[in-house]
Structures are given as C-alpha cells and as structure tokens.
Amino acid sequence: MNFAKIVKQCRIDRPGRFKLADYAADETFGLSTDIENVRTILAEGVDKLKEQQQRLFADGRWAVLIVFQGMDAAGKDSVVKHVMSGLNQQGCDVHAFKAPSSEELEHDFLWRTGKDVPARGRIGIFNRSHYEEVLVVRVHPELLAKQKLPPNITARNIWANRFKDIRTFEHHLVRNGTLVLKFHLRLSKEEQRKRFLARLEEPFKRWKFSANDLAERARWDDYMAAYEDLIRETSTAYAPWYVVPSDHKHVAWLVVSAAIIQALEKLQLDYPKVTGKALKELKGYERALLAEGPKLKNKRRRK
C-alpha cells in the first residue's frame, strides 16, 4: 500500500481550490473495511512513531504540534488512543479544549492554546484547538459578545483577521522549530447519526451524549461552510491541513499515522553523536565499569 500517495491526496496543498465536498468521508483508498486485516499495519505505525519520538527527544531541537478538528463523534479521541498508543507519555501532552473559561475570555483568542504549545523534544496534541474560534464562534456569533471585544473589532472583517492571526501564529511556531500538522477528521452526517445512536444504545457510552449534540448537528451545513473556509484560508506549506476520511475509523488511524511518520522522517531526526574528548571520557568510564566486574564476582564468592 502506497501511503505516501494516500497522504498526498489528503494534504491540502492548493487551498485556493479547496472544496470540502471533493473529499468523501467514506473513502478507503483501497484499504480493507475490516479492521482485523490492517492490525499489522497499525502496529507497524505505532512502532515507527515510537522510534521517531525517541529521536525527537534525543535531538532536542524540534517540537511537534498535532491538531485534530472534526464534528462530534468524528473519532478524535480514538485517533489519539490508537495512533499514539506507543508514545512515551512523559514526552507527550494531550490538551482537550472545551468552552473557554472566564479567565481565558479575558485574553486574546490565541492565548489559551498558545500557552500549551509543546516544548522542544515533546509532542503536543490539541483535541480541538484555536480553530474553535473560527468554527463554533462563527456558527454562533452571539459567543463573540462574551469575549468583550471592542465594537470596531467585531466588524465584518473579524474572520479574515482571525485567519491572518492564525497563519501568523503558526508561522511563528514553525520558524522557531515546531512542526505543525493539522487534521480535519471528515465525517458524514449519516455516520454521525449512527454513532450517536450507538452511544444512546450502549449504557457505558450514554454519558458521551448530550442534547447539545443534536443542536449542533442541526447546524451541519453551517459547520461544513465554516470548515471549508478555514481550511482554504489556513492550509499553508508550513502548516498544512490534512482532510482525513473518517467514516471508517481504522482508515483514519492509518492515514493520520502515515502522515505524522512521513513528516517526522523529513526532519531527519537523529541521536546526538559523541566524538572527540567526550568520547574518550566515555571510553574511560566504560573501562572503569568493566574493571569492576571481576572485583564484584570475587566479593560475592567470599560471602
């Protein structure tokens, strides 16, 4: 399976021509719709990502920010669970952004996510992100009132200004050594309906459902228009969007995994090489530790 080709199909390299309707949510790229047939590929991806994380930490010059956006039930949590399962949790932070707090509303719209961007050597995962400010807030403009913005700022050009701010913010991150990858998990309305029903039918999943889920579903077309606009305006060469078909969850896992691994491999991360005086010192420590072996054996025999 040529995952490089699949990843390229999902990456939005020509955002000016982007139309969300051109990307089918049930696309499989020829992959089996039976998860059992792709478990080996998934496991290989987990191992590769684990190795790349170790190199990222050892290299110490790059950070990785992974953004997931999608409609309710698109599978954001399951992607994190299945794709990132092999990561060392000490080097990975997951942030799930809900409705902003009163403190967050006192700041600019990028403040609450900006303070959680990953440090060098670490992976940061945003389950929802700063893009909520051009999605939910755009679909529900009454939320702008809670942000206490001056009247002239909430004029017609607020969305164009926010897109510009986001592009500048992400460009700043990239110029300072952060790899930015953004994934829109593309879910069909029919598949969302099925997943909502599954939540209602299974007792241990009912807690995930709320009346607000149906209220937001009723604004489906508004959200699709908002997604199309934001991807068109903020998919850049330095911080691309990937539109990932997600009606089949395991297809989404495979595509996201392949895209992250491909991007990390392009960084050519490597373990630091010890040479010269430092290498000589390490050899000296090695000889000292090897010399202790016979002494410890003799000591154990005496006992």
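**View 1. What lines the largest pocket.** Sorted by class, the residues lining the largest pocket come out as 16 nonpolar, nine polar and 18 charged. This is a predicted model, and the pocket in this view holds about 1,400 Å³ of space. A total of 43 residues line the largest pocket, and those closest to its centre are Asp72, Lys76, Lys98, Arg128 and Asp213.

**View 2. The helices around the largest pocket.** Five elements give two or more residues each to this lining: α3 (76-83), α6 (136-139), α8 (189-201), α9 (211-217) and α10 (220-234). Which of them gives the most to the lining of the largest pocket? That would be α3, with five residues.

**View 3. The second largest pocket.** Here we move to a space of about 280 Å³, the second largest pocket. Look for Phe3, Gly45, Lys48, Ala258 and Ile261, which sit closest to its centre among the 17 residues that line this pocket. The lining of the second largest pocket is made up of ten nonpolar, four polar and three charged residues.

**View 4. The helices around the second largest pocket.** At least two lining residues apiece come from α1 (3-10), α2 (39-59), α3 and α11 (249-266). Of the lining of the second largest pocket, α11 supplies the largest share, seven residues. If α3 looks familiar, that's fair: this helix also gives five residues to the lining of the largest pocket.

**View 5. A closer look at α2.** This helix has 21 residues. From its first C-alpha to its last, α2 reaches 30 Å, close to the 30 Å expected at 1.5 Å a residue. Its buried residues are Leu42, Gly45, Val46, Leu49, Gln52, Gln53, Leu56 and Asp59. Why do we say that they line one face of the helix? Seen down the axis of α2, the buried residues fall within an arc of 150°, so they line one face. Over on the other side of α2, Thr40 and Asp47 are exposed. You have already met one of the buried residues, Gly45, in the view of the second largest pocket, where Gly45 is among the residues closest to the centre.

**View 6. Two cysteines, Cys10 and Cys92.** Are these two cysteines buried or exposed? Cys10 has a relative accessible area of 1%, under the 20% cut-off, so Cys10 counts as buried. Cys92 is buried too, because its relative accessible area of 7% is also under 20%. How many disulfides turn up in a search of the whole structure? The search finds zero.

Terms used:
Residues are numbered from 1 along each chain as its sequence is written. This is a predicted model: local features need pLDDT of at least 70, side-chain atom pairs count only at pLDDT 80 or more; totals for chains, interfaces and linings use all residues. Side-chain values use heavy atoms; hydrogens and water are left out. On a 1 Å grid over the protein atoms alone, a cavity is a set of points where a 1.4 Å probe fits but cannot get out, and a pocket is an open set with protein on both sides within 12 Å along at least five of seven lines; lining residues have an atom within 4 Å of a point. Grid points are joined across faces, edges and corners, and a volume is the space filled by probe spheres set on the points. Helices (H or I, at least four residues) and strands (E, at least two) are DSSP runs, numbered from the N terminus. Ala, Val, Leu, Ile, Met, Phe, Trp, Tyr, Cys and Pro count as nonpolar, Asp, Glu, Lys and Arg as charged, and the others, Gly among them, as polar. A disulfide is a pair of cysteine sulfur atoms within 2.5 Å. Buried means under 20% relative accessible area, exposed over 50%, partly exposed in between (1.4 Å probe, protein chains only). The expected span of a helix is 1.5 Å times one less than its number of residues. The arc is that of the directions from the helix axis to the C-beta atoms.
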